[in-house]
Structures are given as structure tokens and as C-alpha cells.
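Student: I have a structure open and would like to work through it by question and answer. Where should we begin?

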Amino acid sequence: WADPRIKVILTDREPARPKAGRIYVATASGRPTFGYLVCPCGCRETLHLRFLPNRFPRWDIAIEGNGVVSLMPSVWRQVGCRSHFILKRGKIHWC
């Protein structure tokens, strides 16, 4: 597991300049809709994640009361750096 933990930032839109080590979670009506995460490999690409039902690809997100975040399933980039990782309890686990 890599350190430090990924921090959750709740927002209402995509960040103009996202920072590494954070996942920005956009919400609508109190529910997560999209997520934005700078690729943890260091390539600096912003990954766009969907939490909407009936969309593909889509991820489930769990945010615990203390702000610890997990994503399911893994994130696997098919282009660029081709990173493949799991975000579980705020930590990156490389596949």
C-alpha cells in the first residue's frame, strides 16, 4: 500500500487544477455523480470517474465518516500510462 492516503474533496464541478493525492467528488442532490483524480503514477493526467447508475464504465464509491474513500472496481487506464490500481480505504494498491 502506498502512502499517504488519498483525501476526499467534495465539489460541485470538475476542478480547474486538480492536485495529486486528492479525489474530487462532484455531487448532485447529495449523491456522488463524478470523480476526478490525478493519476497516481505521476503522469499528471486527470482521471474521470462516473458514479451514475446505468452508465459504463462506472464505479461505486464509499466515503466513510472520517473521509476515507474506496472505489470499486479497480481503475485501469487503457491509454497513456496504462496504470491499474485499486483505491481502498484511501490508499493506492497497484495491480
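**The pocket, the core and some local details**

Tutor: We begin with the lining of the largest pocket, which consists of Leu47, His48, Leu49, Pro57, Arg58, Trp59, Pro73, Ser74, Val75, Trp76, Arg77 and Gln78. Keep in mind that this is a predicted model.

Student: Which element gives the most to the lining of the largest pocket?
Tutor: Two elements, strand 4 and strand 7 (75–76), give two or more residues each to this lining. With three residues, the one that gives the most is strand 4.

Student: How do the residues of that lining divide into nonpolar, polar and charged?
Tutor: The lining includes leucines such as Leu47 and also arginines such as Arg58. Pro counts as nonpolar and Arg as charged. The division is seven nonpolar, three polar and two charged.

Student: What is the volume of the largest pocket?
Tutor: A general idea helps here: rolling a probe the size of a water molecule over the atoms shows where empty space is left. For the largest pocket, the volume is about 210 Å³.

Student: Which strands each supply at least two residues of the largest nonpolar core?
Tutor: In soluble globular proteins, nonpolar side chains tend to be buried together. Here the largest nonpolar core has 16 residues, and Ile23, Leu49, Phe51, Leu71, Val75 and Leu87 have the most contacts inside it. The strands that each supply at least two of its residues are strand 2 (22–28), strand 4 (46–50), strand 6 (69–72) and strand 8 (84–88).

Student: Which residues is Leu49 in contact with, leaving aside its neighbours within four places in sequence?
Tutor: Leu49 belongs to the pocket lining and is among the core residues with the most contacts. Leaving aside those neighbours, its contacts are Ile23, Thr33, Phe34, Gly35, Trp59, Leu71 and Val75.

Student: Is the aromatic pair stacked or edge-to-face?
Tutor: A search of the whole structure finds one aromatic pair. The ring centres of Phe85 and Trp94 are 5.7 Å apart, with the planes at 65 degrees. Planes over 60 degrees apart meet the cut-off, so the pair of Phe85 and Trp94 is edge-to-face.

Student: Is Phe85 buried or exposed?
Tutor: Buried means under 20% relative accessible area. Its partner Trp94 has 39% and counts as partly exposed. Phe85 has 0%, so Phe85 is buried.

Student: Where is Pro73, and what kind of peptide bond joins Met72 to it?
Tutor: Pro73 is found in the loop between strand 6 and strand 7. Omega of the bond joining Met72 and Pro73 is about -5 degrees, and the bond is cis.

Student: What is omega for the peptide bond from Phe56 to Pro57?
Tutor: Pro57 is in the loop between strand 4 and strand 5. The bond from Phe56 to Pro57 is cis, with omega near -10 degrees.

Student: Is Ser29 buried or exposed?
Tutor: Ser29 lies in the loop between strand 2 and strand 3 (31–38). Its phi is positive, near 55 degrees, although Ser29 is a residue other than glycine. The cut-off for exposed is over 50%, and with a relative accessible area of 80%, Ser29 is exposed.

Student: What is phi of Arg89?
Tutor: Arg89 sits in the loop between strand 8 and strand 9 (91–94). At 40% relative accessibility, Arg89 counts as partly exposed. Arg89 is not a glycine, yet its phi is positive, at about 50 degrees.

How values were computed: Residues numbered from 1 in each chain as written. Predicted model: local features only at pLDDT ≥ 70, side-chain atom pairs only at ≥ 80, totals over all residues. Heavy atoms only, no water. Phe/Tyr/Trp six-rings, centres within 6.5 Å; stacked < 30°, edge-to-face > 60°. Buried < 20%, exposed > 50% of the residue type's maximum accessible area, 1.4 Å probe, protein only. Core = buried A, V, L, I, M, F, W, Y, C linked by side-chain atoms within 4.5 Å. Helix = DSSP H or I, 4+ residues; strand = E, 2+ residues; numbered from the N terminus. Contact = heavy atoms within 4.5 Å. 1 Å grid on protein atoms, 1.4 Å probe; cavity = no way out; pocket = protein on both sides within 12 Å on 5 of 7 lines; lining within 4 Å. Points joined across faces, edges and corners; volume = space filled by probe spheres on them.
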